[in-house]
Amino acid sequence: MPENTPYMVAAYIITAVILLAYALLLYRRTLKS
Amino acid sequence: MNLLKAGRWITALGLVLLAGVYVRALAFTPIERTQGVAQKIFYLHVPAAIWTETAMILVGLASVFFLFLKDPRLDRFAEASAEAGIVFGSIVLTTGPIWGKPIWGTWWTWDARLTLTLLLFLMYVGYLLLRGAVTDAGLRARYAAVLGICGACLVPFVHLSVIMFRTLHPQPIILKPGPPSLPAEMLVTFLLSFGVFTMLYVGFVMQRYALSLLREEARHA
């Protein structure tokens with residue numbers, strides 16, 4: 001495994017988490033309104 | 001509401017396609033020789049950065065027109081675009097240092113590009129805080145428009161900072177005079193990722209715009 005792999009994996013996971021979290025947040029906020 | 005449903009569908013499709021971009025970037029795009037797999041962060045960092053800057057330019061444009069036309073739709077759009085911009089800005093400011101650590105040997109350095117990007121992000125935060133702090137709708141829209149225009153004026157400095165100042169940050173690879181400095185396989189992956197981020201921006205803005213509308217209707221009901 002190349003030594004930079006954990007950095008790349010972290011970046012991909014964090015990006016997915018941020019996008020999914022905001023999409024869910026918007027969904028919940030629009031459901032409440 | 002059609003706008004809300006369309007926004008939800010576009011966002012959902014964008015998230016599904018993002019998984020496809022992950023597969024293409026990680027499994028079917030060659031590894032760069034000098035940076036190794038850390039270079040693949042580029043496929044997320046750069047589209048997010050482009051949309052962070054573009055969202056603020058759109059906030060600024062909508063704000064300029066709002067000050068002339070006083071159309072509440074422009075104010076609503078500016079608010080929605082700023083909130084989407086903060087999401088993409090968060091991605092830029094997390095993936096950037098994660099790439100910087102293995103390549104530069106440090107998570108962060110106070111060079112022009114990084115500092116100005118952080119400043120742009122803080123402008124977004126300030127913009128949304130200002131909107132939350134002013135209760136009068138007319139004043140809120142006017143104050144926010146002024147701050148939105150200031151934020152948009154910062155964007156050219158953010159983008160050109162790597163040319164204007166000596167920085168650690170790489171020179172533009174895509175948004176520069178002349179063709180992109182990427183092999184075709186990498187360029188295709190980048191373009192697919194950029195397309196997905198564009199979809200997500202559109203989906204987020206449509207939903208956030210619809211949310212503002214729903215809140216206004218509830219207030220007047």
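**View 1. Long-range contacts hold the spotlight in chain B.** In this predicted model, take the contacts in chain B with a separation of 6 or more: residues 24 or more positions apart account for 78% of them. Chain B is built from six helices and zero strands, so if you walk from the N terminus you simply read α-α-α-α-α-α. Its C-alpha trace spans about 60 × 40 × 30 Å along the principal axes. A compact globule of 221 residues would have a radius of gyration near 17 Å, and the 19 Å of chain B agrees with that. Of those 221 residues, 40% count as buried. As for confidence, chain B averages a pLDDT of 93, with 100% of the residues scoring at least 70. The model as a whole comes with ipTM 0.95 and pTM 0.94.

**View 2. Chain A meets chain B.** Chain A has one helix and zero strands. Its C-alpha atoms fit a box of roughly 50 × 10 × 5 Å along the principal axes, and buried residues make up 30% of its 33 residues. At the contact, 20 residues come from chain A and 30 residues from chain B. Sort the chain A side by class and you get 14 nonpolar, five polar and one charged residues.

**View 3. Helix α4 of chain B and its buried residues.** This helix covers residues 112-133, which makes 22 residues. From first C-alpha to last, α4(B) reaches 31 Å, close to the 32 Å expected at 1.5 Å a residue. Look for the buried residues along it: Arg113(B), Leu114(B), Leu116(B), Thr117(B), Leu120(B), Phe121(B), Met123(B), Tyr124(B) and Tyr127(B). They pack against three other helices of chain B, namely α2 (42-69), α3 (72-104) and α5 (137-164).

**View 4. Helix α5 of chain B, with a bend.** With 28 residues, α5(B) reaches 39 Å from its first C-alpha to its last, close to the expected 40 Å at 1.5 Å a residue. Follow the helix to Val158(B) and you'll find a bend of about 30°. Val158(B) is also one of the buried residues here. Others in the buried set include Ala141(B), Ala144(B), Ala145(B), Leu147(B), Gly148(B), Gly151(B), Ala152(B), Val155(B) and His159(B). The cover over the buried residues of α5(B) includes α2, α3 and α4 of chain B.

**View 5. Tyr143(B), a residue of α5.** Zoom in on helix α5 of chain B to find Tyr143(B). Its C-beta has 16 others within 10 Å, so Tyr143(B) is partly exposed. Leaving aside residues up to four places away in sequence, Tyr143(B) touches Leu130(B) and Val134(B). Tyr127(B) makes a handy landmark: its C-alpha is 9.0 Å from that of Tyr143(B), with the two 16 residues apart in sequence. Tyr127(B) itself is among the buried residues of α4(B).

**View 6. Arg24(B), a residue of α1.** Arg24(B) sits in helix α1 (residues 2-27) of chain B. With 16 other C-beta atoms within 10 Å, Arg24(B) is partly exposed. Its contacts, not counting residues up to four places away in sequence, are Thr29(B), Thr189(B) and Leu192(B). Check the spacing to Val188(B) as well: the two residues are 164 apart along the chain, yet their C-alpha atoms are separated by 9.7 Å.

**View 7. Lys70(B) and its positive phi.** Lys70(B) is in the loop between α2 and α3 of chain B. Here's the backbone detail to look for: Lys70(B) has a positive phi of about 55° although it is not a glycine. Most residues other than glycine have a negative phi. Lys70(B) counts as exposed because it has 12 C-beta neighbours inside 10 Å, and 12 or fewer is the cut-off for that class.

**View 8. Gln171(B), out in a loop.** The loop between α5 and α6 (184-220) of chain B is where Gln171(B) lies. Gln171(B) counts as exposed, with 9 C-beta neighbours inside 10 Å. For a sense of distance, pick Asp75(B): it is 96 residues from Gln171(B) along the chain, and the C-alpha atoms of the two are separated by 34 Å.

Definitions and conventions:
Residues are numbered from 1 along each chain as its sequence is written. Chains are lettered from A and ligands numbered from 1 in the order in which they are written. This is a predicted model: local features need pLDDT of at least 70, side-chain atom pairs count only at pLDDT 80 or more; totals for chains, interfaces and linings use all residues. Helices (H or I, at least four residues) and strands (E, at least two) are DSSP runs, numbered from the N terminus. The expected span of a helix is 1.5 Å times one less than its number of residues. A residue is buried if 20 or more other C-beta atoms lie within 10 Å of its own, exposed if 12 or fewer, and partly exposed in between; C-beta atoms are placed from the backbone. Two residues are in contact if their C-beta atoms, placed from the backbone, lie within 7 Å. Ala, Val, Leu, Ile, Met, Phe, Trp, Tyr, Cys and Pro count as nonpolar, Asp, Glu, Lys and Arg as charged, and the others, Gly among them, as polar. The radius of gyration is taken over C-alpha atoms; the globule rule is 2.2 Å times the number of residues to the power 0.38. The bend at a residue is the angle between axes fitted to the seven residues ending there and the seven starting there. pLDDT is the predictor's confidence in each residue, from 0 to 100.
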